[in-house]
Amino acid sequence: MLDMKKTLTLVTIALALGVLAPSAALADTDPAAAVKADVAKLVSDATARHDAVIADANKLAADANAAKGGTKAAALATIKADLAKLRADRKASGDILKADRAQLKTDLAAAKEAKALKGLRATLKDARATLKQQRAEVKQALEAARAAVKDLRASFKK
């Protein structure tokens, strides 16, 4: 199951790069195209992070709920492994997104300098809305995972 997630993520990234490669060639000549390519890459990477983090959070919550009634040592081992995976995925994808945002900021400045911002407003607005929705979904999944772990801890105190 874990290898399948990695494979799916790699296939998604490869497809995104295949789609973005022609637009990257256009981006060299047109600052607006560069910004659009950066936005597409940012949204693609954010979607990959969204999917990975939500999957990890859901697994953590499911394992926490399944561990109720078992031994504390077994639950601790399972939860620690799930939590380590969640943290690693968030860190790795966070670094990628940070680089994407920096590139977008640089290309936006170049587009502004070239007075090529016309038509980008809608693209940026859509990207912001998509990213905001994804952040809200991730936050909700993480809160559910925290609640499940908290309930698991409470079950051992009884």
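Asp 30 sits in the loop between α1 (2-27) and α2 (31-67); helices here are DSSP runs of H or I, at least four residues long, numbered from the N terminus. This is a predicted model, where local features need pLDDT of at least 70 and side-chain atom pairs count only at pLDDT 80 or more, while totals for chains, interfaces and linings use all residues. Residues are numbered from 1 along each chain as its sequence is written, and side-chain values use heavy atoms, with hydrogens and water left out.

On confidence, pLDDT is the predictor's own score for each residue, from 0 to 100. The chain has a mean of 87, with 82% of residues at 70 or more. By element, α1 has the lowest mean, 54, and α2 the highest, 96.

Back to Asp 30. Its relative accessible area is 34%, so it is partly exposed, that is, between buried (under 20%) and exposed (over 50%), with a 1.4 Å probe and protein chains only. Its C-alpha atom is separated by 8.4 Å from that of Ala 111, 81 residues apart along the chain.

Now a second aspartate, Asp 82, in helix α3 (residues 72-113). Is Asp 82 buried or exposed? Asp 82 is buried, because its relative accessibility is 9%. Leaving aside neighbours within four places in sequence, Asp 82 is in contact (heavy atoms within 4.5 Å) with Lys 59, Leu 60 and Asp 63.

That is what I have on the two aspartates.

Note on methods. Helices (H or I, at least four residues) and strands (E, at least two) are DSSP runs, numbered from the N terminus.
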